[in-house]
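Me: I'd like to go through this model helix by helix and contact by contact. Short answers, please, with the reasoning shown.

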Amino acid sequence: MEQATEQVNEVVAVPQPLTANLCWLLSHASHNLTTELTAALEGLGISPRAHSVLTTAMCGTHTQTELARMVGLDKTTMVVTLDELEAAGLARRRPSSKDRRVRVIAVTEAGARKVREAEEITRRIHADVLDVLPARDRKVFLDALTRLATGRLSEPVTCAPPVRRRAPRA
């Protein structure tokens, strides 16, 4: 693991035009962080996407559609993710008490335990990633990124053809 950390912390030369390209920088960082989290969570049998669905479902009573919108998944990906979570005994769909036509997602006790285990791993990786920034810049960076993700960049604009999210490489 130590060798992998050394490789991860190595600074890679990026062509000048890309260092000023906000879209490329955010996409590149997101892809590489997601890949690292995917590898770290493999031992738990959970993906970062499943982790996001479970943690968000634990924050309240949400329908399958609401949860998909909150996490940023299309309907098909949400169905596949929930099928996997149900098969693993980590979540279950149940009829809504307000509208029997829709399903709400409930996290099982096993799912809550899995989230706690995943949170420990995720916290460690996030701390390691943020450790490359000076301590005084970490909160500023996270606050600014949060403002972007929950404000100006909270919803995609409509375009044709729609932009697909990059799938992690296997």
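Me: Start at the surface. Is Lys139 buried, partly exposed or exposed?
Reply: The model is predicted. Lys139 has a relative accessible area of 57%. The cut-off for exposed is over 50%, so Lys139 counts as exposed.

Me: Which residue does Lys139 meet in a salt bridge?
Reply: The two partners both lie in helix α8 (residues 135–150). They are four residues apart, about one turn of the helix. The N to O distance is 2.9 Å. The partner of Lys139 is Asp143.

Me: Which residues are joined into one network by salt bridges that share partners?
Reply: The search of the whole structure finds eight salt bridges. Shared partners join three residues into one network. They are Asp83, Glu86 and Arg93.

Me: Which residue forms a salt bridge with Asp131?
Reply: The side chains meet at 3.2 Å, N to O. The partner has a relative accessible area of 27%, so it counts as partly exposed. That partner is Arg138.

Me: Which helices does the salt bridge of Glu84 and Arg49 link?
Reply: The two side chains meet at 4.0 Å, N to O. Glu84 is partly exposed at 44% relative accessibility, and Arg49 is partly exposed at 32%. The residues are 35 apart, so the pair links distant parts of the chain. The helices are α6 for Glu84 and α4 for Arg49.

Me: Take α4 next. How many of its ten residues are buried?
Reply: The buried set is Pro48, Ala50, His51, Val53, Leu54, Thr56 and Ala57. These residues pack against α3, α5, α6, β1 (91–95), β2 (103–107) and α7. The helix is therefore largely enclosed by the rest of the structure. The number buried is seven.

Me: Leaving aside neighbours within four places in sequence, which residues is Leu54 in contact with?
Reply: Leu54 is one of the buried residues of α4. Its contacts outside that window are Ile46, Leu85, Leu90, Ala91, Val107, Gly111 and Val115.

Me: Which residues touch the most other members of the largest nonpolar core?
Reply: In soluble globular proteins, nonpolar side chains tend to be buried together. Here the largest nonpolar core holds 22 residues. The residues touching the most other members are Val53, Leu54, Met78 and Leu85. Helices that each supply at least two residues of this core are α3 (22–41), α4 (48–57), α5 (64–71), α6 (75–87) and α7 (109–130).

Me: Now α6. How far apart are its end C-alpha atoms?
Reply: The helix has 13 residues. At 1.5 Å a residue, the expected span is 18 Å. The model agrees, with the end C-alpha atoms apart by 18 Å.

Me: Within what arc do the buried residues of α6 fall?
Reply: Met78, Thr81, Leu82 and Leu85 are buried. Seen down the helix axis, they line one face, because they fall within an arc of 100°.

Me: Which exposed residues does the face of α6 turned away from its buried side carry?
Reply: The buried residues are covered by elements including α4, α5, β1 and β2. The face turned away from them carries the exposed residues Thr76 and Ala87.

Me: Which residue caps the N-terminal end of α6?
Reply: A side-chain oxygen of the cap lies 3.0 Å from the backbone nitrogen of Thr76. The capping residue is Asp74.

Me: Which residue takes a positive phi just after α6?
Reply: The phi is about 75°. The residue is Gly89.

Terms used. Residues numbered from 1 in each chain as written. Predicted model: local features only at pLDDT ≥ 70, side-chain atom pairs only at ≥ 80, totals over all residues. Heavy atoms only, no water. Core = buried A, V, L, I, M, F, W, Y, C linked by side-chain atoms within 4.5 Å. Buried < 20%, exposed > 50% of the residue type's maximum accessible area, 1.4 Å probe, protein only. Contact = heavy atoms within 4.5 Å. Expected span 1.5 Å × (residues − 1). Arc of directions from axis to C-beta. Polar contact = N/O pair within 3.5 Å; in protein donor to acceptor, adjacent residues only side chain to side chain.
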